[in-house]
Every structure is written in structure tokens, then in C-alpha cells.
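Hello,

Here is the structure I promised to pass on to you. Have a look at it first, and then read on for what turned up.

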Amino acid sequence: MARSQGLYSSVIAWLKILLPVVALGLLSTIFLFSRSSDPVNEVPFADALQRAGDAVTEMVSAPYYAGTTERGDMVTMTARSALPKPSGEIEAEEVSARLQMQDGSEIRLKAERATLQDGDQQVTLRDGVQIESSTGYVLTTQTLVSGIDRIEAESEGAVRGQGPLGTLEAGKMRIETVPGGEDIQMLFTGGVKLLYLPQNK
């Protein structure tokens, strides 16, 4: 009887040592796996483009793209979902893009839908595109074609909204780098209408 109790006590003592060690081992394994997974690079748009080229037609959830232009500007893009097509296009929904310039200014783009063409390095935003700049422009247009490896965008129709000086409407808008310089400019053409609203001091 005493021998059984001694054996029982020995087993309990060893379990008190082994169980914490096993638990620590499991926890370290979990952290090891979690560190090896980079959410930024899990499903980038570049992978989605490759899948489209391989004629894969499964839905990609929460794709993410991040890159820099030759000038050093940052371009990031996210979407709720993306569906590669056999034709080489990718249809994305609820798309957001952010263009961050070296001087600290930025332009944000949002659209209900977008189409990416494999190899073209550009995206066509459509169905109510919102354009917001850190310089004070808040505009909307139906369709906007934007580069994803460069600061370049152009609307396919009229734009309207608010600017630093007041209400603005134009037949077309283009965002581009100033030739020979580092600044970014927004060009409005096609019958520009500006309703000047004096700023209250």
C-alpha cells in the first residue's frame, strides 16, 4: 500500500514538471508559426495577377498591394475581394488606394468596383470613384484609370466636387508628375467651372 502511494506521488511529481514544459513547447510552436506569416504579403495583388494569368478562377479575399515608384512615392491598394478571370483581368470590389508622395502629401481613391489587367500595371476604378487629396480636393467621377507602379491617373469623364477655392466641375481630370520636377499636379480640362467661395477668416 505504501509502495503504491509512493509510486503515485512520483508520477504526480513528474507530471507537475512535464506538463508545464509541454505547454511551453506548444506555445513556442504557435508563436513560431505566427511569426512566419506576413499578412502584408499573404495575398498581394501581384499574386492575384499571376493567378489570373494561370486561369485560376477562385475568389481572393482581402488582396493587398504595396509598392514604390521610381521616384520613391508609395502606392498601396486594398480590396474586399478579387476574382481572376480567364481573360487575364481581375475584378475587384470595394477598392481603396493611397498615393503617398515624398513631400508628405497624399491622394486617396475609393471605388465600388475595379478592373486590373494582367501586365498593364494599371487599374480602372468605376461605379462612383471618390478622390480626396491632402491639398483640399474632394471629388467624384464615374471612372478613373490609375497606375499602380507610378503616380498617374486620369478620369474617363466629368469630375465634380469641392476644391480649396470652392465648388469645382470639369469635363476631365488628370493627376501626373510635373515634367522635370518632383511635384504632383491635378489638371482640369473640358469646360472647367469654379464657383468661388470666399474663406471665412
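A residue counts as buried when its relative accessible area is under 20%, as exposed when the value is over 50%, and as partly exposed in between. By that rule, 30% of the 201 residues of the protein are buried. Please keep in mind that this is a predicted model.

**The overall picture**

The protein has three helices and 13 strands. Its accessible surface comes to about 12500 Å², and carbon and sulfur atoms hold 55% of that. Among the contacts with a separation of 6 or more, 36% are between residues 24 or more positions apart.

**Salt bridges between β3 and β4**

How many salt bridges does the structure hold? There are twelve of them. As a reminder, side chains of opposite charge can pair when their charged atoms come close.

A good place to start is Arg80. Its side chain meets that of Glu93 in a salt bridge, at 2.5 Å from N to O. Glu93 sits in strand β4 (residues 89-100) and Arg80 in strand β3 (residues 74-84), so this pair, 13 residues apart, links distant parts of the chain. Arg80 also forms a salt bridge with Glu94, where the closest N and O atoms are 3.3 Å apart. Here too strands β3 and β4 are involved, so the pair ties together parts that are 14 residues apart in sequence.

How open are these three residues? Arg80 is partly exposed, because its relative accessibility of 44% falls between the two cut-offs. Glu94 is partly exposed, with a relative accessibility of 44%, and Glu93 is partly exposed at 30%.

Ser81 is also in strand β3. Is Ser81 buried or exposed? With a relative accessible area of 8%, Ser81 is buried, since that value is under 20%. Leaving aside residues up to four places away in sequence, Ser81 touches Met59, Val60, Ser61, Ala62, Pro63, Glu91, Ala92 and Glu93. Glu93 in that list is the residue that bridges to Arg80.

**A network of charges**

Further along the chain, salt bridges link Arg150, Glu152, Glu154, Lys172, Arg174 and Glu176 in a network. One of the pairs to look at is Arg174 with Glu154, whose side chains meet at 2.9 Å, N to O. Arg174 lies in strand β11 (residues 172-177) and Glu154 in strand β8 (residues 153-155), so the salt bridge ties together parts that are 20 residues apart in sequence. Arg174 is partly exposed, with a relative accessible area of 24%, and Glu154 is partly exposed too, with 27%.

**The aromatic pair**

The structure holds one aromatic pair. The ring centres of Tyr137 and Phe188 are 5.7 Å apart and their planes stand at 35°, so the pair is tilted. Planes under 30 degrees apart would have counted as stacked, and planes over 60 as edge-to-face.

Where do the two residues sit? Tyr137 is in the loop between β6 (122-133) and β7 (138-147), while Phe188 is in strand β12 (residues 184-189). They are 51 residues apart, and the pair links distant parts of the chain. The two fall on either side of the cut-off for burial: Phe188 is buried, because its 19% is under 20%, whereas Tyr137 is partly exposed at 21%.

**A loop and a surface patch**

Two smaller items round this off. Gln102 is found in the loop between β4 and β5 (106-117). Which residues does Gln102 touch, not counting those up to four places away in sequence? They are Arg71, Gly72 and Asp73. From C-alpha to C-alpha, Gln102 and Arg71 are 8.2 Å apart in space, although 31 residues separate them in sequence.

Finally, Leu165, Leu194 and Tyr196 form a nonpolar patch on the surface, and together they have about 330 Å² of accessible area. Leu194, one of the three, is in strand β13 (residues 193-196). Its relative accessibility is 48%, so Leu194 counts as partly exposed.

Enjoy exploring the structure.

Best wishes

Conventions: Residues numbered from 1 in each chain as written. Predicted model: local features only at pLDDT ≥ 70, side-chain atom pairs only at ≥ 80, totals over all residues. Heavy atoms only, no water. Phe/Tyr/Trp six-rings, centres within 6.5 Å; stacked < 30°, edge-to-face > 60°. Helix = DSSP H or I, 4+ residues; strand = E, 2+ residues; numbered from the N terminus. Buried < 20%, exposed > 50% of the residue type's maximum accessible area, 1.4 Å probe, protein only. Salt bridge = Lys/Arg side-chain N within 4 Å of Asp/Glu carboxyl O. Contact = heavy atoms within 4.5 Å. Patch = residues over 30% accessible without salt bridge, like charges linked within 9 Å, V, L, I, M, F, W, Y side chains within 5 Å. Areas by Shrake-Rupley, 256 points an atom, 1.4 Å probe, with all protein chains shown as cover.
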